[in-house]
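The following exercises concern the architecture of a single chain. Each task is followed by a solution worked in steps.

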Amino acid sequence: MSKRKPKALVMLSGGLDSTLALATMKELGVETLALSFKTPFCNFDCGGGACAGDVSDVARRMGVKWRAEELGEEYVEMVRKPKHGYGSGMNPCIDCRIMMFRRAKEVMGEVGADFMVTGEVVGQRPMSQNPKALETIEKESGLKGKILRPLSARLLPPTDAETEGMVDRRRLKAISGRSRKEQISLAAEFGLKKYPNAGGGCVLTEKGFASRLRDLFQHSEKPGMREIRLLGVGRHFRLSDSCKLVVGRDMVENREISSLAEPGETLMAVQDYVGPVCLLVGQHGEEGGTAAGICVRYSDAPKDREVTVRLFDKDEKLLGTVVASALAEERYAKYRL
Ligand code: SF4
């Protein structure tokens, strides 16, 4: 009777490291299934500039079955109050990994995987990839001994897959740190030519996004997915506790802002001049005048005279007009998020 092949669930982000981890498993004769996560903040797990299209494409090129899991409101709630705190921005990397790994554990049960594989490299990410964090993540996700990290495995305690003979530890790597030199030479060994550059990744690590998200959490008990999506579009101005202005930076953002407007909200655009579509979110009174001034400021309208600003609803129905002149930067800079 032939011995069953060991089976691994590989966390695939589409970045180089997770692709190498997958390639290593395939080379060692392990049966693999790739898993990626979509959150309200990024399309798929961090891993360096990956996106949904990239991940499915990588899985297809690597000849592996691919499955995507979505984390929604529970993820937002975790980001609001992470047990293990934030990294440099609003990135709760340890809690994020724990949440993803717990879900991955369920998937392992469903598909009958013996262990899980990630592309994590010891010391590459300060918050979540130091040995202590890796141990915490394993423990709290209930996967102690079940997570194999082929790129750094020989620097870490042996996992069940190694001690039980499913994987030969001697053929795993001892890579650490932020340099990608060893990964690039390993990619060449595997004949991998197409992979994303390092960097990019999760918006929660970005300073500007973090400031907008912090503001959202301060002003909304339970932000919806629309509020989260808006954070990634345009310039944001907190005009008062009840009102925020979002200003489009180009045609694509103008279209997106219009499409994200909700019934009862007011959109603005300067009449007769090229300029942004602006959305007033929340209750507004006097803030409307400031918003119109900001809207003129970011348009091509002359800055030394009054122009007409059109107010309209989400269905482009004209609600009225106001006359406004461009607000000087020193008057609106304090509102900028
Ligand atoms: S950078 Fe941190 S918060 Fe963002 S997806 Fe990766 S682990 Fe999660």
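**Exercise 1. Describe the antiparallel sheet and its edges.**

Solution. The model is a predicted one. Begin with the strand order: six strands make up an open sheet, arranged 6-7-9-8-10-11, with antiparallel pairing. Next, locate the edges. Strand 6 (235-240) and strand 11 (318-324) each have a single partner strand, so one side of each is left without a neighbour in the sheet. Finally, consider the twist: on average, neighbouring strands of this sheet are turned by 25° against each other, direction ignored.

**Exercise 2. Trace the pairing of strand 10 with strand 8 and with strand 11.**

Solution. Start with strand 8 (residues 266-270), which runs antiparallel to strand 10 (residues 307-312) and is joined to it by four bridges. Within this pairing, Val270 has Val309 of strand 10 as its bridge partner. Then turn to strand 11, which pairs with strand 10 in the antiparallel sense over six bridges. Here Thr321 in strand 11 stands opposite Arg310. The last step is the connection: the hairpin of strand 10 and strand 11 has five residues between the strands, and Glu316 takes a positive phi near 65° in this hairpin.

**Exercise 3. Determine the order of the five-stranded sheet, its edge strands and the pairing of strand 4 with strand 5.**

Solution. The five strands form an open sheet in the order 3-2-1-4-5, and the pairing is parallel. At the edges are strand 3 (65-70) and strand 5 (147-148), each of which pairs on one side only. For the pairing of strand 5, take strand 4 (residues 115-117): the two strands are parallel and share two bridges. One of the residue pairs is Val117 with its bridge partner Leu148 in strand 5.

**Exercise 4. Place helix 4 relative to the strands and to helix 5.**

Solution. First relate the helix to the sheet. Helix 4 (residues 93-111) lies across strand 1 (7-11), strand 2 (31-38), strand 3 and strand 4, and runs at about 150° to strand 1. Two packed helices are described by the angle between their axes and the distance between the axes. Helix 4 and helix 5 (residues 131-140) pack at an angle of about 35°, their axes being 9 Å apart. The contact involves Ile94, Arg97, Ile98 and Phe101 from helix 4, together with Ala133, Thr136, Ile137 and Glu140 from helix 5. Classified by type, this contact of helix 4 with helix 5 has five nonpolar, one polar and two charged residues. The handedness completes the description: helix 4 and helix 5 cross in the right-handed sense.

**Exercise 5. Characterise the crossing of helix 1 and helix 7.**

Solution. Take the geometry first: the axes of helix 1 (residues 16-27) and helix 7 (residues 181-190) come within 10 Å and cross at roughly 45°. Helix 1 is therefore oblique to helix 7. The crossing of the two helices is left-handed. For the contact, Leu16, Asp17, Leu20 and Ala23 in helix 1 meet Gln183, Leu186, Ala187 and Phe190 in helix 7. By class, the contact of helix 1 with helix 7 has six nonpolar, one polar and one charged residues.

**Exercise 6. State the domain division and the separation of the domain centres.**

Solution. The chain divides into domain 1 (7-190) and domain 2 (233-335). With centres taken over C-alpha atoms, domain 1 and domain 2 are separated by 43 Å.

Definitions and conventions. Residues are numbered from 1 along each chain as its sequence is written. This is a predicted model: local features need pLDDT of at least 70, side-chain atom pairs count only at pLDDT 80 or more; totals for chains, interfaces and linings use all residues. Axes are lines fitted to C-alpha atoms, for helices over the stretch in contact, and angles run from 0 to 180 degrees between N-to-C directions. Angles under 35 degrees count as roughly parallel, over 145 as roughly antiparallel, 65 to 115 as roughly perpendicular and the rest as oblique. A crossing is left-handed if the near helix is turned anticlockwise from the far one by less than a right angle, and right-handed if clockwise. Two residues are in contact if their C-beta atoms, placed from the backbone, lie within 7 Å. Ala, Val, Leu, Ile, Met, Phe, Trp, Tyr, Cys and Pro count as nonpolar, Asp, Glu, Lys and Arg as charged, and the others, Gly among them, as polar. Domain bounds come from an automatic or database domain assignment. Two strands pair if DSSP finds at least two bridges between them.
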